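Got the viewer open? Let's take a walk through this one, selecting a few residues at a time.

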Amino acid sequence: MVRRPVAWIVAVILFVEAFGVAALNWLLGTVVDNQQMSLAGLDPDMMSVSSKIGGLVFGAYFALCGVVALLVALRDRSPAGLGRILLISVAVVHALLGAFAWGLVGWTAFLTMVVVMALVVLLLMTYDRQNGTAASQSPEDGTGGTGESGSPAKGNGGGSPLTPPPTPSTP
């Protein structure tokens, strides 16, 4: 299966991005501080501090998403609750960064962001498919999808107990 390797790859990529974003913003904050640069009269010290804080916050966000992906890889289970929301949000962030990268940096940066976004979406989708088939194979009523004689449950065509049997549509 590709689920666990994709989860490991996503975790590694997100940890590398977390370090890279934090280091890049720290470097930019240091450059602004050393050069005493100002943008439209803004305080250079405030720009330096806000760049460093922003880098640390964004890096921590990527690291937290990497921890979620790492837990998915270790447990081989779908992320739930806040972890799922974090992975969906990091996919959206990569889509937005890819859109900005296309115009500002070029197609290679866009392609990199799209590949990372696709890996995160693949991670989410492969675990969804596993949970979807497991739910349809073991209904909650405890019969295991079989009738009393061991044959598929009658009345629903062997499908999910939540879907009604097909009805004829003749007038």
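Start with H94. Is H94 buried or exposed? With a relative accessibility of just 1%, H94 counts as buried. You'll find H94 in helix α3. Now show what surrounds it: leaving out residues up to four places away in sequence, H94 touches L14, E17, F62, M113, V116 and M117. Keep F62 selected, as we'll come back to it.

Before going on, a word about what you're looking at: this is a predicted model. Try colouring by pLDDT. The mean for the protein chain is 82, and 80% of the residues reach 70 or more. Then select residues 138-151, where pLDDT stays under 50. For that stretch the model has 13 contacts beyond four places in sequence.

**The nonpolar core**

Next, the inside. As a general rule, nonpolar side chains in soluble globular proteins tend to be buried together. Here, the largest nonpolar core has 24 residues. Which elements give two or more residues to this core? They are α1, α2, α3 and α4, the last of these covering 107-137. To see the residues with the most contacts inside the core, select V10, Y61, F62, L87, V90, V120 and L123.

Pick V90 out of that set and look around. Setting aside neighbours within four places in sequence, V90 is in contact with L14, Y61, F62, C65 and V120. Notice L14 and F62 in that list; H94 touches both of them too.

**The aromatic rings**

Now add F58 to Y61 and F62. These three form one aromatic cluster. In the structure as a whole there are 4 aromatic pairs. Why is the pair of F58 and Y61 called stacked? Their ring centres are 6.0 Å apart and their planes are at 20°, so the pair counts as stacked. Both residues lie in helix α2 (residues 44-75), 3 residues apart, which is about one turn of the helix.

Swing over to F58 and F62. This aromatic pair is tilted, with 4.9 Å from centre to centre and 55° between the planes. F58 and F62 are 4 residues apart in helix α2, again about one helical turn.

Switch on the surface and compare the three. F58 is partly exposed, with a relative accessible area of 28%. Y61 counts as buried at 19% relative accessibility, and F62 is buried as well, at 1%.

While you have rings on your mind, select W26 and K52. K52 lies over the face of W26, 4.8 Å from the ring centre.

**The salt bridge**

Last stop. How many salt bridges does a search of the whole structure find? It finds 1. Select D76 and R3 to see it: the closest N and O atoms are 3.6 Å apart. This pair links distant parts of the chain, with its two residues 73 residues apart. D76 is in the loop between α2 and α3 (82-104), while R3 is in helix α1 (residues 3-35).

Check the surface here as well. D76 counts as partly exposed, at 22% relative accessibility, whereas R3 is buried, with a relative accessible area of 13%.

How values were computed. Residues numbered from 1 in each chain as written. Heavy atoms only, no water. Phe/Tyr/Trp six-rings, centres within 6.5 Å; stacked < 30°, edge-to-face > 60°. Buried < 20%, exposed > 50% of the residue type's maximum accessible area, 1.4 Å probe, protein only. Lys NZ or Arg CZ within 6 Å of the ring centre and 35° of its normal. Salt bridge = Lys/Arg side-chain N within 4 Å of Asp/Glu carboxyl O. Contact = heavy atoms within 4.5 Å. Core = buried A, V, L, I, M, F, W, Y, C linked by side-chain atoms within 4.5 Å. pLDDT = per-residue confidence, 0-100.
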